[in-house]
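Ready to practise reading a protein structure? Open the model, grab a pencil, and try each task before you look at the solution.

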Amino acid sequence: MKYAHLTKLSVFSYEHENSESILEAFLRFFPFNLEGNKVLLKKSTAEGFNDRKITILEAMLLKTNLVNEFLENLLKNLSKEQKEQILMEAESRLDENLDFFIRFDKESWINDKKIELTDSGKCFQLKISI
C-alpha cells in the first residue's frame, strides 16, 4: 500500500546550536541508513537575522518502500493522543497542493528522544505529499 508520494524532512541548525546533535537527531527519524538507500542528505546554508549562518538539513524520500517504512516508524513513535490531535487538525495541516505538514519539537527530540508536536519554528518539519 502506498501511503504517500513523497516525504521531506527538514530542520534548521543555527550558529549557536550543536550541529552534530541536530544531525544525529535528524538521522534518528529514519529507520534505515540514508546513504545505503541512496537517499541524499542535502545541506544548504542561508543567512538569518544579523547575518547569522543557518544550515538547513533536508532529506526527501521518493521510493514507496522507504516512504512507508519511514511513516510506519513515525507512527510507532507517536502517542495515541498525538495521533488524535493530528487527525483533529488534519484540515489545517493540509495545503491546496495536498501536502500535509507536521512539526516536531527540536529540543525534545534532540535531548529526550521524544517526539512532541509543536507549532514553534524551532522544529523538525515534515512534509508528506499525499
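**Exercise 1. A charge over a ring**

Find the ring whose face arginine 28 lies over, and give the distance to the ring centre.

*Solution.* Arginine 28 lies over the face of tryptophan 109, and the distance to the ring centre is 4.9 Å. Keep in mind that you're looking at a predicted model.

**Exercise 2. Classifying an aromatic pair**

Work out whether the rings of phenylalanine 29 and phenylalanine 104 are stacked, edge-to-face or tilted.

*Solution.*
- Step 1: What do you need? A pair of aromatic rings is described by the distance of the centres and the angle of the planes.
- Step 2: The structure has seven aromatic pairs. In the one formed by phenylalanine 29 and phenylalanine 104, the centres are 5.6 Å apart and the planes make an angle of 40°.
- Step 3: Planes under 30 degrees apart count as stacked and those over 60 as edge-to-face, with the rest being tilted. With 40° between its planes, this pair is tilted.
- Step 4: Now place the two residues. Phenylalanine 29 is in the loop between α1 and β2, while phenylalanine 104 sits in strand β4, so the pair links distant parts of the chain, 75 residues apart.
- Step 5: Phenylalanine 29 and phenylalanine 104 are both buried.

**Exercise 3. One side of a helix**

Explain why the buried residues Ile22, Ala25 and Phe26 in α1 end up on the same side of the helix.

*Solution.*
- Step 1: An α-helix has 3.6 residues a turn, so residues three or four places apart point the same way.
- Step 2: In α1, the residues Ile22, Ala25 and Phe26 are buried. They cover an arc of only 105° around the axis, and therefore lie on the same side of α1.
- Step 3: What covers them? Among the elements over the buried residues of α1 are β1, β2, β3, α5 and β5.
- Step 4: Look at the start of α1 too: a side-chain oxygen of asparagine 18 comes within 3.0 Å of the backbone nitrogen of glutamate 20.

**Exercise 4. Tracking down salt bridges**

Say which elements hold lysine 106 and glutamate 17, and whether each of the two is buried or exposed.

*Solution.*
- Step 1: Side chains of opposite charge can pair when their charged atoms come close. The whole structure has seven salt bridges.
- Step 2: One of them joins lysine 106 to glutamate 17, with the closest N and O atoms 3.0 Å apart. Lysine 106 is in helix α5 and glutamate 17 in the loop between β1 and α1, so this bridge ties together parts 89 residues apart in sequence.
- Step 3: Lysine 106 has a relative accessible area of 1%, so it's buried. Glutamate 17 is buried as well, at 16%.

**Exercise 5. Around serine 129**

Describe the surroundings of serine 129, then follow its polar contact to a salt bridge.

*Solution.*
- Step 1: Serine 129 is found in strand β5. Its relative accessible area is 10%, so it counts as buried.
- Step 2: Leaving aside neighbours within four places in sequence, serine 129 touches Ala4, His5, Leu6, Leu98 and Asp99.
- Step 3: The side chains of serine 129 and aspartate 99 are joined by a polar contact of 2.6 Å.
- Step 4: Aspartate 99 also meets lysine 127 in a salt bridge, 3.8 Å from N to O. That pair links strand β4, home of aspartate 99, with strand β5, home of lysine 127.
- Step 5: Aspartate 99 is buried at 8% relative accessibility, whereas lysine 127 is partly exposed at 26%.

Definitions and conventions:
Residues are numbered from 1 along each chain as its sequence is written. This is a predicted model: local features need pLDDT of at least 70, side-chain atom pairs count only at pLDDT 80 or more; totals for chains, interfaces and linings use all residues. Side-chain values use heavy atoms; hydrogens and water are left out. Helices (H or I, at least four residues) and strands (E, at least two) are DSSP runs, numbered from the N terminus. Buried means under 20% relative accessible area, exposed over 50%, partly exposed in between (1.4 Å probe, protein chains only). A polar contact is a pair of N or O atoms within 3.5 Å; within protein, one must be able to donate a hydrogen and the other to accept it, and residues adjacent in sequence count only if both atoms are side-chain atoms. Contact means heavy atoms within 4.5 Å. Rings of Phe, Tyr and Trp (its six-membered ring) pair if their centres lie within 6.5 Å; planes under 30 degrees apart count as stacked, over 60 as edge-to-face and the rest as tilted. A charge sits over a ring if NZ of Lys or CZ of Arg is within 6 Å of the ring centre and within 35 degrees of the ring normal. The arc is that of the directions from the helix axis to the C-beta atoms. A salt bridge is a side-chain nitrogen of Lys or Arg within 4 Å of a carboxyl oxygen of Asp or Glu.
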